[in-house]
Amino acid sequence: MSRTSVFLLTACMALNGMAQLLPVPSDNSVDLNRGWGHVVSVQGMFDYNANSVYNELPLAIRRGGYLGTDLRERSRNALHAGRNAAGNIIEGRINWTGPACFEALPGWRPVASIAHHDVRATRFTEDQYTLAFFGNAEFENEQAILAPSAYEEVRYQTIGAGLQHAASGSYVRLDLVRGQAYAAADVKWASLSTGEDGRTLRTTFLGDYYASDTAGGGFDRTNGLGIAAAARWNTKSGPGEHAVDLGLALEDFGFVVWDANSVRIQQDTLFTYRGWEVENIFALDNVNIGEDELLDTLGLRYETGAFTRLLPFRASIDASIQLGGSWRLGMGVEQRNLPGFVPQVTMMGSRRIGTRTLLAATASYGGSGALRVGLAAKRRFGKRVLAELSTPHVPGFFTGRTRGLGLTAGIGFAF
Amino acid sequence: MEYDRPLIRVASLGLLFLSTLVGCRKDPEPARWDVDVLAPLLITRFTIADIIPDSLQDVASDGSITLVYSETLFAVDMDTVLEIPDTSFVYAYALPLPGNDAFNLPAGFPVISENNLIRFDLPDLALSKLVVREGILDLRMKNKMGSVVNGSFDLPGAIFADGSSGLEVSVGPGTATDPAFSSTQRDLAQASFDLRGPFFNEVNTLASSVSAQLDPNGSGATVTNQDSVVITVQYRDLVTQYAKGYFGSRTVTVGPETNGIGLFDNVVSGTLDLDRVRLKIKVENGIGMDLRIRLNSLQAVNTRTGVTVDLEHAILDGPINLNRALDLGNGFQSSVYENDLDNDDSNVDLFLENMPDQLQYSLDMDLNPLGDISNGNDFLYHDSRLQALLELEVPLDLIATDLVLENIVKPDLPGNEEEQTIQDGTLSLFATNGFPFSGRIVLDIVDRDRNFLSAVPVQGDITAGILGADGFVNASTASELHAALTAEQIDLLYGEGRFRVRIVFNTSDQSQHLRLLDRYAMDLQITVGARYYVNGDE
């Protein structure tokens with residue numbers, strides 16, 4: 001999928017609170033009337049985050065062309081000696097909520113959902129960045145530390161059905177998962193030592209790499225199957241107006257069995273390279289340094305076979321309280337099953353304006369990034385249409401010298 | 001108005017938002033950036049075997065190396081002495097009837113019945129026996145008579161591989177205007193011919209019997225003077241397995257001819273002073289006849305320098321008499337002539353120090369110089385040949401002065417001409433030299449036709465190993481050479497350019513010959529420090 005189409009997909013799909021860390025709080029006067037029989041919503045999210053590399057670098061990579069030394073240097077100066085992380089999530093979902101129709105479960109409405117997920121995340125070291133963007137020359141007579149580091153990229157689609165409690169919004173859903181593509185590297189230890197004048201390259205490596213069928217990972221491919229569950233439990237705690245709204249949520253908690261054409265490399269090796277060994281200096285034209293020879297030398301031949309991996313599930317807990325009038329304050333903590341992701345804490349303050357608009361401001365810290373400041377808004381158009389728009393990091397739209405950029409949008413239609 | 005067309009308003013906002021994200025942007029080019037790479041390229045150990053294959057080395061117990069090189073100077077194959085041309089014989093029958101007369105021939109009427117002697121046209125040769133290795137006997141019949149004709153061809157003096165000595169063919173009825181044709185073939189491999197004729201007193205002669213008769217089971221034929229039967233016999237593509245007889249007395253001139261010699265292919269210029277050279281000229285006569293050879297000239301030609309050195313030795317003054325080979329019945333034993341040449345009795349050292357890439361020679365060869373002294377018992381087998389071998393023995397005890405070895409290398413650079421991933425860089429060579437000679441590297445970039453394009457300055461030389469009092473290297477030396485490549489030179493290498501690497505060798509003591517030992521070696525490592533463009537520089 002091209003970058004443009006990814007962007008189009010992201011932009012075309014509106015977002016919904018289910019996919020957000022901290023949903024824009026419900027408000028009886030702004031939200032769609034719960035009395036509508038059917039609600040169809042289209043949701044989409046793009047969220048990029050990093051805790052060290054400035055946005056200007058991935059944006060420049062996306063734009064293409066030459067990446068200047070200053071540009072790369074600025075992000076290098078911002079790297080942490082310990083954990084450096086980055087990740088992006090692209091999700092789109094179509095959701096249907098039907099009228100309550102279960103005699104045994106009055107107050108529960110059927111829900112059905114189709115979603116696409118494209119998730120990437122990485123954890124890397126300062127030296128890895130230097131090696132990738134500046135080369136190994138400056139490590140002459142030194143050792144570049146390349147671990148611990150990890151990378152995961154997974155694309156999958158889900159289709160599922162469940163129940164949603166009409167009054168509280170709590171829901172439970174079971175999804176069938178179609179695995180499209182997967183690649184993950186987990187490097188527990190790795191280093192590269194460059195000898196004086198480049199006469200020796202010595203690497204140590206302990207890690208593994210798993211990937212789905214290398215024949216292709218396009219939208220037309222099904223390289224794995226699995227199941228997943230999603231649930232959210234909303235409740236209130238405390239008396240009356242000042243009751244605290246609590247929510248616990250789990251999304252995409254499941255697994256995919258990637259098929260037998262999947263590949264893996266597991267390495268625990270130390271390799272010293274002093275140059276390609278040539279039999280005769282006068283017969284260099286006969287030296288064949290092809291891909292096969294290189295793979296054999298480095299021991300990078302794949303093994304094939306099925307494997308099972310957990311999805312990049314998301315677990316969260318959130319709480320909000322009405323402060324009086326139209327103000328509300330919330331807080332949430334989220335964790336995702338992704339490399340480099342640490343618990344992300346989000347604070348949110350919101351205010352209803354009039355009867356159809358709600359504005360919110362967020363501040364979050366953690367995840368794949370650092371401190372982010374965002375805005376969110378939802379507005380009802382007429383009685384049947386509710387639109388939401390939010391970004392987790394407003395500065396990302398105005399400067400490249402910040403970290404994180406995202407947009408969520410969604411629209412719901414009731415009938 | 002509060003609820004007027006809400007969907008349109010939302011859609012408009014959405015489109016406005018989309019336009020800010022994607023606009024009318026074209027597909028982006030890939031991101032590019034440069035990294036400084038420092039890495040070893042290749043490692044190798046240079047030994048004498050890299051320029052002289054092990055198969056050409058004779059290593060003594062003390063480790064000294066002698067170059068042993070063998071080259072065929074000339075080889076005269078059997079076809080120079082004996083070549084049997086394709087030969088055809090025609091047998092025809094027609095009734096000598098006047099005008100429109102017709103004549104009835106009964107069934108079984110013999111239209112041809114002849115005993116003939118086939119004489120092969122073999123000038124200068126008088127063969128009494130011939131065994132064929134390969135060859136075909138074609139028998140073709142043309143019939144204008146109105147009856148089937150059965151023909152047979154018999155060679156009483158021949159024995160085919162299956163033990164028979166003839167073949168038969170039948171041709172259908174034909175007419176004067178529409179003759180019938182038929183043919184048959186016999187593989188003559190391993191056929192033996194007695195060429196002495198029916199009374200064993202002739203040469204090159206083969207008795208034959210040809211007959212043709214109307215089909216005895218037919219109804220005969222009415223023939224006119226237009227009707228005929230023609231039998232054509234052809235021997236073709238004959239290759240001799242064995243021949244015996246008298247091969248004649250004549251002189252064959254060979255050359256001037258030129259043979260390539262690959263011993264100094266990598267040497268471009270410079271001088272080589274060899275202490276000792278021994279050249280054995282070995283002539284083998286596999287033919288059963290006496291030969292006398294006069295070697296008119298033997299020259300070492302160096303086409304690179306244009307210098308030609310004539311070999312000077314008594315062998316060029318007088319003839320070489322070669323006895324006939326010995327016939328063992330199922331093979332032969334060659335007679336051998338050998339003559340050793342060295343520095344003392346010839347200029348063979350200068351001959352070789354010319355570092356020839358060609359050997360040029362001319363000679364005259366007298367066959368049976370004393371006439372038919374074998375009384376018709378000359379012989380040859382298919383594998384019989386006269387050949388002269390040069391066997392060279394050169395102890396690697398030498399003085400090399402600016403001896404230049406050249407190699408052309410087209411580097412396999414990452415990327416391509418349009419998307420070059422290397423912009424500039426430095427090649428470094430690290431050498432640990434255990435040879436008693438120093439090396440200076442001249443690095444140029446040349447085009448496909450070896451035309452000079454650019455010079456790459458090389459800083460540093462390879463120093464010679466340290467000589468002990470015994471004239472042998474007793475310690476290696478380490479050297480470091482660097483060659484900086486500019487962006488323009490990298491451009492050339494991405495195009496048609498290639499490296500021309502010339503190594504200029506000088507033995508460390510120019511006043512005495514230094515002996516090369518098989519333990520001598522030079523460890524080489526080439527590293528590169530380069531600016532590498534990820535995804536190319538364009």
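Here is a walk through this structure, with most of the stops in chain A. Keep in mind as you look around that the model is predicted.

Let's start with the overall build of chain A. This chain has five helices and 21 strands. Of its 415 residues, 53% are buried. The accessible surface adds up to about 18500 Å², and carbon and sulfur atoms account for 61% of that. How about the contacts inside the chain? If you take those between residues at least 6 apart in sequence, 68% of them join residues at least 24 apart.

Now for the aromatic rings. Searching the whole structure turns up 23 aromatic pairs over all chains. One of them is made by Tyr210(A) and Phe307(A), which meet edge-to-face, with 5.0 Å from centre to centre and 70° between their planes. This pair ties together distant parts of the chain: Tyr210(A) belongs to strand β8 (residues 201-211), Phe307(A) belongs to strand β14 (residues 307-310), and the two are 97 residues apart. Are these two rings buried or exposed? Tyr210(A) counts as buried because its relative accessibility is 9%, under the 20% cut-off. Phe307(A) is at 6%, so this residue counts as buried too.

A second pair to find is Phe253(A) with Phe313(A), again edge-to-face, at 5.0 Å centre to centre and with 75° between the planes. This one also links distant parts of the chain, 60 residues apart: Phe253(A) is in strand β10 (residues 244-258), while Phe313(A) is in the loop between β14 and β15. Here the partners fall into separate classes. Phe253(A) is partly exposed, with a relative accessible area of 41%, whereas Phe313(A) is buried, at 18%.

Charged side chains visit rings as well. Go back to Tyr210(A), and you'll see Arg309(A) lying over the face of its ring, 4.2 Å from the ring centre. Elsewhere, Arg72(A) has its charged end over the ring of Phe134(A), at 5.2 Å from the centre.

Next, turn to the outside of chain A. Which residues make up a nonpolar surface patch of about 700 Å²? They are Ile94(A), Ile114(A), Ile159(A), Leu176(A), Ile227(A), Phe255(A), Val257(A) and Leu310(A). To find your way there, you could begin at Ile114(A), which is in strand β4 (residues 108-124).

Finally, a quick stop in chain B. There, ring pairs link Phe46(B), Phe435(B), Phe437(B), Phe505(B) and Tyr520(B) into a cluster.

Terms used: Residues are numbered from 1 along each chain as its sequence is written. Chains are lettered from A and ligands numbered from 1 in the order in which they are written. This is a predicted model: local features need pLDDT of at least 70, side-chain atom pairs count only at pLDDT 80 or more; totals for chains, interfaces and linings use all residues. Side-chain values use heavy atoms; hydrogens and water are left out. Patches are made of residues with over 30% relative accessible area and no salt bridge: like charges are joined within 9 Å, nonpolar side chains (Val, Leu, Ile, Met, Phe, Trp, Tyr) within 5 Å. Accessible areas come from the Shrake-Rupley method with a 1.4 Å probe; for residues, only the protein chains shown count as cover. A salt bridge is a side-chain nitrogen of Lys or Arg within 4 Å of a carboxyl oxygen of Asp or Glu. Helices (H or I, at least four residues) and strands (E, at least two) are DSSP runs, numbered from the N terminus. Rings of Phe, Tyr and Trp (its six-membered ring) pair if their centres lie within 6.5 Å; planes under 30 degrees apart count as stacked, over 60 as edge-to-face and the rest as tilted. Buried means under 20% relative accessible area, exposed over 50%, partly exposed in between (1.4 Å probe, protein chains only). A charge sits over a ring if NZ of Lys or CZ of Arg is within 6 Å of the ring centre and within 35 degrees of the ring normal. Contact means heavy atoms within 4.5 Å.
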